Structures are given as C-alpha cells and as structure tokens.
Amino acid sequence: MKISFHGADRGVTGSCHLVECAGKHVLIDCGLYQGGHELGEENAAPFGFDAATIDYVLLTHAHLDHCGRLPLLVKRGFRGEIITTAATRELARVVMLDSAHLQEEEANWQARKTARRGSEIMPQPLYNTLNALNTQEYFGRTAAYDQPMELATGLRVTFLDAGHILGSASLYLQLEEDSRNRSVAFSGDLGYSGRPLLRDPVPPPKVDAVVMETTYGDSLHKPLLPSVEELYQAIEETFRRGGNVIIPTFALERAQELLYYLREGVETGRLSKSMQVFLDSPMAISATEIFRQYPECFDPEALANFGHGHDPFMLPGLHFIRETSDSIDLNRISGGAVILAGSGMATGGRIRHHLKHNLWRQNSSVIFVGFAAKGTLAREIIDGAKTVHLFGEEIPVKAHIHTINGFSAHADRDELLSWHRRVGAARTFLVHGEEEVMQQFGALLENTQVEMPSLGQSFDL
Ligand code: ZN
C-alpha cells in the first residue's frame, strides 16, 4: 500500500497523486501546471509513472490545475476509467476542450515565430482538441455524493461535497491489502460554509492519513457580505459617473456567483433594473448552462429559489456574448454596462480588449474579484501601474481600480484547520500550496505527523 506525489508538491498547481493498493493503480487528479507556461517543461515532462498502468482516475473537480493533464494521460496510454461526479464530468469537458484550443493556438503562434527565425523544429501542443475529445470516452461511472463505490476488492471510494465549485469533491478511500486496513482522505480543493450557491463542505470520517490542500493556509478571508456591498457601491458610483464596469473573471464558479449577486442586487433594489450586463465568455456561458442542469448540487436556499421557477443567474439586462463580432461591438458602449470577461488574471482572452477600451477612461471602473498572481496584467494594475501595454499600445490607467477580496472559492487558514481537526489523521501530507505557506500551516497542526512531499516522493501507507 503506497502513495506517491506527482504534482502540486510545494506548489499550487498540477495536482496528481497516485495510490497503489490491492494490485490497482489509482490516480487522484491529473492537473496542469499553470502560470503562463502551459507549454512548459513541467507539463511535458514524464509523469513519474506509466500512464498505461493506471486503472482508475478519481477526479476531485473540474479546475484546470486538477483535470488539465488528463488528455495527455490518455495520449500516453491510459485506458482505465475516470470516475467523478456528473457535474464535474460536464464542466471538465468544457475546461479540457478550451485548454486544448488554447494550446493549439499557442503552438501555432510559436511555430510562426520559429519559422521566421528559419528553424525547422515545429513546436507541438501538449495535446490537441482530438485528444481532449478522446478523453471523454474514458469517463465511466459517475459518483453520487456520500455513496461508497467498490472499485475492486480492497478498494472503496466515497465522494463527499467539498463546497469549492459545482460538483467538487473530497475523497474518502478505504483500502485493504494483506489483511491490513487503511483509510485515506483527499481534501481536493476545499470551499467553506455560508456561500450562496454551494453546499457546505462535508468532512470525511476519521482517517489514518490525509492529503490536504493549503492554498490559503496562512491567511484569513474578508467576510463575504461586505464584499458584495463593495461591489454594489463600485457599480453604482461608476454608473453615476457615466462609465462602464469591467470585471475580469474566472469562467467557473466566480462568473456564476457574480451573476447571482448582480441578480440579487437588482431584486433588492440595490442596483438599477436598467443595468446592462454582458457575460462575454463562451466558456463562462457554457459553465452557467451546466450549473442550471445540476440544481441538486446547490445549497438549500438556492435550491428553494430554483424550485420556485427562479433562475438564480438571470437578471433583466443580461446578455450572453458568444460570437467574437458581438464582443467587438461592446467596444462602442461608453457607459452603463457591466462587462464580465476572462481571463481572470487578464493574461489573455477578451478582457484585454475591454481593458484597452476602458482603462484610459476616468469614468469607468475595473473591479478585480479574484486572485492575481505576480507577473500578470491584473497584478500590474492592482499594484498601481500608471500605464500598461496592450496590443502594442501604451494605455494610461485612469479608470477607478477596485480590488474586492471576499469572493474566494477556497477555505482560509481557520477553515482548513477545523476541517483537519474533523478528519483527525495520524499522518498529514500537505500539497497544493506555496512552501512557506505549508510550513506555517503545518506548524499549527496538532497530533499528526506532517509531511511536505517533493515531486516523485513515495510513502508506505
Ligand atoms: Zn480548484
């Protein structure tokens, strides 16, 4: 009985862990390393195991840093079964196809660059759209929350709601080999209680070992309600000045939560009924449609609303923008619009066009509602850049810049600690966090042996 670590080790992205038990090889997640180097060496490197030997992949949720190397796994010989919740399966399909498309575009761009230099080496995408489509064939049984599934003799898994994004799960594994029993929990990415759409995380029962995320293991979140109020105020003030509100947003969860709050704002009279809202992101639109198909994943309050014929994401002036030409038309709007577009950190996508057309305008606003890594355009603007470079032009930053920090999809330090107390594991493997954050978080854990695995390290269970 062994566990080994093949991603998100002393880092936040690329989640991938391998459990070997009862003659079976079980992978937990197979995520992409992210941070501006999607074609980078980490993603293209060998997995550290033979893809053809993997019997099952248990997928915790549809974020790219958890599912983004699945098409590569299939390309390299995986022929087993991918098991996840129904909602995650749908969302992961959209996420993997989008990722394949971006990688093809990036490879084409690199190819043109190398051709200009007279080089014959053609850069290849990590995987293409066909690989992403092929991957769908390997999604087998869907997991229902709280229902144990027997994968093989001595190998049982239960998916538990992680409250992080739609369909997200923590895993509870019950293992048996040579009459030894072990229980292992994987936190996946954890949300927290009291969010408007999702149910609260359900911790697994007491286990022998736990593998847990530590993204915000060193910090506490601002409360949600004051953040929603800040959002309403920023929108109101911008409209009074006659400008537009530009919100860079992640397509999964954040975009839907924003629609939910905007609808609430209109219904409670905090925001004007005539407000025009544009969701300018095909991926976010697809994700919103998937949300509507899985109301059973909503928390009781949102579900009750939905049951009364309310669509939690629909407000009077909402427009879904899929076509590029319609997105370009938005450039002509000079005021009174809220434009939501990706990418969340403004590293690519349609948001960069909206920033180009609004950043220089004093009456407009840009509202950042998510994490912005160092080196990204979002971070540059948040840190007070006077000008930024967009499409070969130097654009002055004159718009009002707001950073609202209360919308995280991740548990904070105290929420992680209380989750850990509930699972009461004798051994704790910390993953999915920066090394300094893990050190600080690990020091707070009591009655457990803490490990911070490095890439490729394996342990007997
Ligand atoms: Zn996640």
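## A walk through the core, the rings and the cysteines

Let us start at Leu 73, which touches Leu 27, Cys 30, Phe 47, Phe 49, Ala 51, Val 57 and Phe 78, leaving aside residues up to four places away in sequence. Please keep in mind along the way that this is a predicted model.

Leu 73 makes a good starting point: together with Leu 70, Leu 73 has the most contacts inside the largest nonpolar core, a set of 75 residues. Which parts of the chain feed this core? At least three of its residues come from domain 1 (2-219 + 409-460), and at least three come from domain 2 (224-407). A second core, separate from that one, has 30 residues, including Ala 169, Leu 171, Ala 209 and Val 211. As a general background, nonpolar side chains in soluble globular proteins tend to be buried together.

Now for the aromatic rings. How many aromatic pairs does the structure hold? There are nine. One of them joins two residues that we have already met as contacts of Leu 73, namely Phe 47 and Phe 49. Their ring centres are 5.2 Å apart and their planes meet at 15°, so this pair is stacked. Phe 47 and Phe 49 are both buried.

Phe 298 and Phe 313 give us another arrangement to look at. With ring centres 6.4 Å apart and planes at 90°, this pair is edge-to-face. It links distant parts of the chain, 15 residues apart: Phe 298 sits in the loop between helix H8 (282-293) and helix H9 (300-307), while Phe 313 sits in the loop between H9 and strand E14 (318-320). Are these two residues buried or exposed? Both Phe 298 and Phe 313 are buried. Elsewhere, Phe 5, Phe 429 and Phe 459 form one aromatic cluster.

Some rings also have a charged neighbour. Arg 76 lies over the face of Phe 47, 5.0 Å from the ring centre. In a similar way, Arg 195 lies over the face of Tyr 192, at 5.3 Å from the ring centre.

Our last stop is the cysteines. How many disulfides are there? The count is zero. Cys 21 is in no disulfide, and the nearest cysteine sulfur, in Cys 16, is 18 Å away. Cys 21 has 2% relative accessibility, so Cys 21 counts as buried. Why does Cys 67 form no bond with Cys 30? Cys 30 holds the cysteine sulfur closest to that of Cys 67, but the distance is 9.4 Å, which is too far for a bond. Cys 67 also counts as buried, because its relative accessibility is 0%.

Conventions
Residues numbered from 1 in each chain as written. Predicted model: local features only at pLDDT ≥ 70, side-chain atom pairs only at ≥ 80, totals over all residues. Heavy atoms only, no water. Core = buried A, V, L, I, M, F, W, Y, C linked by side-chain atoms within 4.5 Å. Buried < 20%, exposed > 50% of the residue type's maximum accessible area, 1.4 Å probe, protein only. Domains from an automatic or database assignment. Contact = heavy atoms within 4.5 Å. Phe/Tyr/Trp six-rings, centres within 6.5 Å; stacked < 30°, edge-to-face > 60°. Helix = DSSP H or I, 4+ residues; strand = E, 2+ residues; numbered from the N terminus. Lys NZ or Arg CZ within 6 Å of the ring centre and 35° of its normal. Disulfide = S-S within 2.5 Å.
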